[in-house]
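Got your viewer open? Here's a short walk through the model, one selection at a time.

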Amino acid sequence: MAHPDREIRAFHGATFIRVYQAYSDAIADSALRHQTFVSPPFSMSRMTWIKPSFLWMMYRAGWGQKDDGQKRILALDIAHEGFAWALAHSCPSHPEKGMDPDDWKRALAAAPVRVQWDPERDLYHNPLPYRSIQIGLSGEAVQRYATDWIRQITDVTELAHRIHARVREGDMEMAEALLPREVPYTVR
């Protein structure tokens with residue numbers, strides 16, 4: 001199936017869109033226990049990146065095996081309204097084609113959210129010819145994320161490990177069948 005160069009694809013339902021993040025045991029355990037992020041161990045003052053693409057998260061975190069700070073993969077169901085707020089209050093991480101550099105710098109300084117589009121990844125982490133969105137939350141956006149947007153947090157580390165095991169074994173059909181069903185998402 002052909003995809004547009006930039007399209008938000010995600011697992012989503014009537015009230016939520018799912019995003020992924022990878023954390024240490026301490027942050028993941030706290031988030032699962034509280035069903036949100038609390039400081040400490042989570043830092044409300046740092047930018048935190050959310051990714052609707054499961055495979056991009058697997059690429060970034062090495063299937064939860066890259067390092068201790070990214071060993072736990074969390075699936076976070078967030079309210080559609082929160083996701084829409086984030087995009088409405090965002091600025092591209094880098095100037096878009098035709099964008100005045102000074103205008104971009106001003107927008108970047110004012111926006112609590114960064115957006116970037118990176119090549120989507122396949123099960124082997126090879127880049128695909130279309131892009132997936134990565135969303136960086138800072139300041140007010142992190143506060144809203146932790147206090148208003150999160151509806152449910154689930155640990156999907158074991159799912160990541162099961163899929164990765166199928167990839168290592170060459171059972172791509174089973175690996176593909178285990179993936180979350182991500183479909184085009186319309187911002188609401």
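Let's begin with a lining. By class, the second largest pocket is lined by 7 nonpolar, 2 polar and 7 charged residues. Keep in mind as you click around that this is a predicted model.

To see that pocket, select Leu55, Glu176, Leu179, Pro180 and Glu182, which lie nearest its centre among the 16 residues of the lining. The space in this second largest pocket comes to about 300 Å³. Now colour by secondary structure: helix H2, strand E6 (113–121) and strand E7 (127–137) are the elements that give two or more residues to this lining.

Next stop, the largest pocket, with about 480 Å³ of space. Pick Ala22, Tyr23, Met47, Thr48 and Trp49: of the 20 lining residues, these are the closest to the centre of the largest pocket. Which elements give two or more residues to the lining here? They are strand E2, strand E3 (48–50) and helix H2 (54–61). E2 gives the most, with 4 residues. Colour the lining of the largest pocket by class and you get 9 nonpolar, 8 polar and 3 charged residues. H2 is worth keeping highlighted, as H2 is on the list for the largest pocket and also on the list for the second largest.

Now over to helix H1, residues 25–34. Select Ile27, Ala28, Ser30 and Ala31, which are buried. Where do they sit around the helix axis? They cover an arc of only 165°, so they are on the same side of H1. The background is helix geometry: an α-helix has 3.6 residues a turn, so residues three or four places apart point the same way.

Add the surroundings to your selection. What covers the buried residues of H1 includes strand E2 (16–23), strand E4 (72–79) and strand E8 (150–155). So E2 turns up again: that strand is part of the cover over H1, and E2 also gives the most to the lining of the largest pocket. Before leaving, step past the end of H1 to glutamine 35, where phi is positive, near 55°.

Last selection: alanine 107, in helix H4 (residues 101–110). Is alanine 107 buried, partly exposed or exposed? With a relative accessibility of 32%, alanine 107 counts as partly exposed, because that value falls between the 20% and 50% cut-offs. For a distance to draw, link its C-alpha to that of proline 95: the two are 12 residues apart along the chain, and the separation is 10.0 Å.

Note on methods:
Residues numbered from 1 in each chain as written. Predicted model: local features only at pLDDT ≥ 70, side-chain atom pairs only at ≥ 80, totals over all residues. Heavy atoms only, no water. Buried < 20%, exposed > 50% of the residue type's maximum accessible area, 1.4 Å probe, protein only. Arc of directions from axis to C-beta. Contact = heavy atoms within 4.5 Å. 1 Å grid on protein atoms, 1.4 Å probe; cavity = no way out; pocket = protein on both sides within 12 Å on 5 of 7 lines; lining within 4 Å. Points joined across faces, edges and corners; volume = space filled by probe spheres on them. Nonpolar A, V, L, I, M, F, W, Y, C, P; charged D, E, K, R; others polar.
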